[in-house]
Amino acid sequence: MISHRNIAKLGTIVLVLANLTLPNVTFGQQIPSLRDTFKKDFGIGTALNNAQIDERDPQMTAFIARQFNMATPENVMKSEVVHPKWDTYDFTMGDKLIDFGEKHNIKINGHTLIWHSQLPSFIRGIKSQDSIRTFFTDHIKTVAGHYKDKVYSWDVVNEALNEDGTMRKSVFLQYLGEDFVTEAFRLAQQASPKTELYYNDYNNEQPKKRAGCIELVKKIKAAGVRIDGVGIQGHWHVGKVPLKDIEESILQYAALGVKVMFTELDIEVLPRNFQGADVGQRMVANEQSNPYPTALPDSVQQQLAADYEALFKLFLKHKDKVTRVTFWGVNDANSWLNNWPIRGRTSYPLLFDRKNQPKPAFYSVIGTKK
């Protein structure tokens with residue numbers, strides 16, 4: 001006969017064992033690995049934030065290392081962080097990212113050398129062509145040189161095009177002219193000759209912007225400068241993923257002799273009154289702007305899964321041309337779409353929920369390999 005004391009002990013043992021298994025359940029260690037599933041097809045990447053780079057949560061670190069073999073810094077290599085003052089560079093967090101990659105066998109894509117947004121504040125006070133050119137040249141040489149042989153690739157220039165394929169009116173176009181893109185690639189090639197060099201943009205699967213992007217690639221190549229790939233960001237909306245345009249873009253970019261990668265993939269499920277990913281655009285919050293504050297309805301969850309499945313079938317169809325698929329964030333809690341274009345919304349654009357639990361979309365992606 002078991003005594004009350006022994007029953008209590010057994011209860012304690014059961015509780016302890018249950019708690020021991022909770023971290024694995026919570027952080028999805030028993031599920032398939034994306035990096036392993038697609039290891040013969042293309043790289044699987046994610047964007048990392050400061051907490052993840054710092055490895056503040058060991059369970060999150062283990063989860064990232066199991067699921068991804070490539071990573072892009074969400075912010076820490078952008079010029080406002082790495083070059084905060086005219087004569088000051090801060091490589092602290094970028095260096096930690098390099099260490100993170102080496103430790104966990106994850107290749108790092110540098111992001112980004114030249115972008116009109118998230119520039120250091122001192123740029124706003126510069127009205128001299130010579131000073132802008134000096135910043136431009138020194139920044140690329142110094143940053144690309146610092147990470148020479150450490151990063152696998154660079155997004156050399158980010159978002160230099162308008163939606164109609166013309167050049168965006170950035171500070172670089174204003175002071176340096178249209179050749180600034182070619183010059184950026186030339187300087188990056190000189191500073192880091194073994195690193196792969198990419199042009200990155202959103203909506204460049206759309207015909208007009210794609211045409212502008214193709215002209216950029218041709219212009220760089222015609223100047224005798226190396227460009228290795230074109231990144232299609234892949235910020236799309238549930239039920240509206242432009243599969244035909246995406247496939248046509250893969251074919252047309254690959255025909256130029258460059259690699260194609262999907263660099264910032266997420267599928268938004270929340271209402272928005274414009275397309276694209278221009279961080280300067282905003283919306284005003286209203287009663288309809290955050291429709292799923294606690295959970296995603298099953299119908300939307302299934303549509304999200306169907307969209308991701310269709311995308312990965314397309315990526316696998318062209319795996320001879322597509323070299324990387326990077327999700328913009330590890331899980332839904334990390335997504336920039338929680339705060340853009342409206343702050344504080346509850347977004348669900350990725351394969352893992354806020355506790356790193358796999359969503360139906362995860363299994364639909366894994367299923368494309370069966």
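Which residue does UniProt list for "active site" in an unreviewed entry? The residue listed there is Glu264. Keep in mind while you look around that this is a predicted model.

**Around Glu264**

Let's start with that residue. Glu264 is part of strand β8, which covers residues 259-268. Is Glu264 buried or exposed? With a relative accessible area of 6%, Glu264 is buried, because anything under 20% counts that way. Leaving out residues up to four places away in sequence, Glu264 touches His111, Asn158, Asn200, Ile232, Gln233, Gly234, His235, Thr326 and Trp328. One of these neighbours, Asn200, also has a polar contact with Glu264, side chain to side chain, at 3.1 Å.

**Strands side by side**

Now for some strands. Strand β1 spans residues 43-48, and 6 of its 6 residues are buried. Gly43, Gly45 and Ala47 sit on one side of β1, while Ile44, Thr46 and Leu48 sit on the other, so to speak back to back. Both faces of β1 are covered. In a regular strand, side chains alternate between the two faces of the sheet.

Which strands pair with β1 in the parallel sense? Strand β2, residues 70-73, does so over 4 bridges, and β9 also pairs with β1 in parallel over 4 bridges. You can pick out individual partners here: Gly45 is bridged to Met70 in β2, Ala47 stands opposite Thr72 in β2, and Thr46 has Phe327 in β9 as its bridge partner.

Strand β2 is covered on both faces too. Met70 and Thr72 are buried on one side, and Ala71 and Pro73 are buried on the other. Beyond its pairing with β1, β2 is joined to strand β3 (residues 107-115) by 2 bridges, and these two strands run parallel. In that pairing, Ala71 has Ile108 in β3 as its bridge partner.

**Rings meeting rings**

How many aromatic pairs does the model hold? The count comes to 22. Take Phe122 and Phe135: their ring centres are 5.8 Å apart and their planes stand at 80 degrees, so this pair is edge-to-face. Phe122 is in the loop between β3 and α7 (129-146), whereas Phe135 belongs to helix α7 itself, so the pair ties together parts that are 13 residues apart in sequence. Phe135 has 3% relative accessibility and counts as buried.

Phe362 and Tyr363 make another edge-to-face pair, with ring centres 5.2 Å apart and planes at 85 degrees. What about their exposure? Phe362 is buried, at a relative accessible area of 0%, whereas Tyr363, at 44%, counts as partly exposed.

There is also an aromatic cluster to look for, formed by Phe38, Phe42, Trp236, Phe262, Tyr308, Phe312, Phe315 and Phe327. Among them is Phe327, the residue in β9 that is bridged to Thr46.

Some rings have a charge over them as well. The charged end of Lys209 sits over the ring of Tyr202, 3.7 Å from its centre. Likewise, the charged end of Arg272 sits over the ring of Phe274, at 5.1 Å from the ring centre.

**Two loop residues**

Ser33 is in the loop between α1 (4-26) and α2 (34-37). At 5% relative accessibility, Ser33 counts as buried. Which residues does Ser33 touch, not counting those up to four places away in sequence? They are Arg66 and Gln67. Ser33 and Gln67 are 34 residues apart along the chain, yet their C-alpha atoms are separated by 4.9 Å. The side chain of Ser33 has two polar partners in the backbone: the nitrogen of Asp36 and the oxygen of Arg66.

Asn356 is another loop residue, found between β9 (322-327) and α13 (360-367). Asn356 is buried, with a relative accessible area of 0%. The side chain of Asn356 makes a polar contact with the side chain of Asn331.

Here are the polar contacts mentioned along the way:

| Side chain of | Partner | Distance |
|---|---|---|
| Glu264 | Asn200, side chain | 3.1 Å |
| Asn356 | Asn331, side chain | 2.6 Å |
| Ser33 | Asp36, backbone nitrogen | 3.2 Å |
| Ser33 | Arg66, backbone oxygen | 2.6 Å |

Terms used: Residues are numbered from 1 along each chain as its sequence is written. This is a predicted model: local features need pLDDT of at least 70, side-chain atom pairs count only at pLDDT 80 or more; totals for chains, interfaces and linings use all residues. Side-chain values use heavy atoms; hydrogens and water are left out. Buried means under 20% relative accessible area, exposed over 50%, partly exposed in between (1.4 Å probe, protein chains only). Two strands pair if DSSP finds at least two bridges between them. Rings of Phe, Tyr and Trp (its six-membered ring) pair if their centres lie within 6.5 Å; planes under 30 degrees apart count as stacked, over 60 as edge-to-face and the rest as tilted. A charge sits over a ring if NZ of Lys or CZ of Arg is within 6 Å of the ring centre and within 35 degrees of the ring normal. UniProt positions are given in the numbering used here, feature names are shortened, and annotations may be inferred rather than shown by experiment. Contact means heavy atoms within 4.5 Å. A polar contact is a pair of N or O atoms within 3.5 Å; within protein, one must be able to donate a hydrogen and the other to accept it, and residues adjacent in sequence count only if both atoms are side-chain atoms.
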